[in-house]
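The following exercises concern salt bridges, a nonpolar core and a sheet. Each task is followed by a worked solution.

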Amino acid sequence: MLEMTQLGAVARLFEVLSDANRLAILQILNERPHAVGELVDRLRLSQPMVSKHLAVLFETGLLSRERRRTHIIYSIRETMVFRLCDLVCEKLRNDAQQQVRLFGTSA
């Protein structure tokens, strides 16, 4: 059994991962490291918004960053996040398949 402080840490990680924009950033960075500007272009979000999400992901330990000249390059530090996403996607697929079995595909 986990203590409340440990449960709080787990809840914080799930809170960080509960934002679709942060998940999109992780998905893009899984391809390769990107500069902030590249992420802005890909996500079509404002630079301050992307930077805010990157800061949250970095502070949680999911991302690494390094300075290359005038750019900050972000990359995935903790790959376990993708295993977690795979588990969630598997659960959602199972739920959808169950719904199809119960209700069929006809409207």
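The exercises refer to a predicted model.

**Exercise 1. Determine which residues Leu 29 touches, leaving aside residues up to four places away in sequence, and place Leu 29 in the nonpolar core.**

Step 1. With those sequence neighbours excluded, Leu 29 is in contact with His 34, Leu 39, Leu 54, Leu 63, Tyr 74 and Ile 76.

Step 2. The largest nonpolar core has 21 residues, and Leu 29 belongs to the group that touches the most other members, together with Leu 26, Leu 39, Leu 54 and Leu 63.

Step 3. At least two residues of this core come from each of α2 (20-31), α3 (36-43), α4 (47-59), β3 (71-76) and α5.

**Exercise 2. State the order of the strands in the open sheet, and explain why one side of β1 and of β2 is left without a neighbour.**

Step 1. The sheet is built from 3 strands in the order β1-β3-β2, with antiparallel pairing.

Step 2. Because β1 (34-35) and β2 (63-68) are edge strands with a single partner strand each, one side of each has no neighbour in the sheet.

Step 3. The antiparallel pair β2 and β3 is joined by 6 bridges. Within this exercise, Arg 67 serves as an example: its bridge partner in β3 is Ile 72.

Step 4. Helices are then added to the sheet. Helix α2 packs on it and touches β1, β2 and β3, its direction making about 90° with that of β3. Helix α4 also packs on the sheet, touching β2 and β3, and its direction makes about 120° with that of β2.

**Exercise 3. For the salt bridges Arg 12 to Glu 15 and Asp 95 to Lys 91, find the helix that holds each pair, and decide whether the side chains are buried, partly exposed or exposed.**

Step 1. The structure contains 5 salt bridges. In one of them, Arg 12 and Glu 15 meet at 3.5 Å, N to O. Another joins Asp 95 to Lys 91, whose closest N and O atoms are 2.4 Å apart.

Step 2. Arg 12 and Glu 15 lie in helix α1 (residues 4-16), 3 residues apart, about one turn of the helix. Asp 95 and Lys 91 lie in helix α5 (residues 80-103) and are 4 residues apart, about one turn of the helix.

Step 3. Partly exposed covers values between the 20% and 50% cut-offs. Arg 12, at 36%, is therefore partly exposed, and so is Glu 15, at 48%. Asp 95, at 34%, is likewise partly exposed, as is Lys 91, at 48%.

Key
Residues are numbered from 1 along each chain as its sequence is written. This is a predicted model: local features need pLDDT of at least 70, side-chain atom pairs count only at pLDDT 80 or more; totals for chains, interfaces and linings use all residues. Side-chain values use heavy atoms; hydrogens and water are left out. A salt bridge is a side-chain nitrogen of Lys or Arg within 4 Å of a carboxyl oxygen of Asp or Glu. Buried means under 20% relative accessible area, exposed over 50%, partly exposed in between (1.4 Å probe, protein chains only). A nonpolar core is a set of buried Ala, Val, Leu, Ile, Met, Phe, Trp, Tyr and Cys residues joined through side-chain atoms within 4.5 Å. Contact means heavy atoms within 4.5 Å. Two strands pair if DSSP finds at least two bridges between them. Axes are lines fitted to C-alpha atoms, for helices over the stretch in contact, and angles run from 0 to 180 degrees between N-to-C directions.
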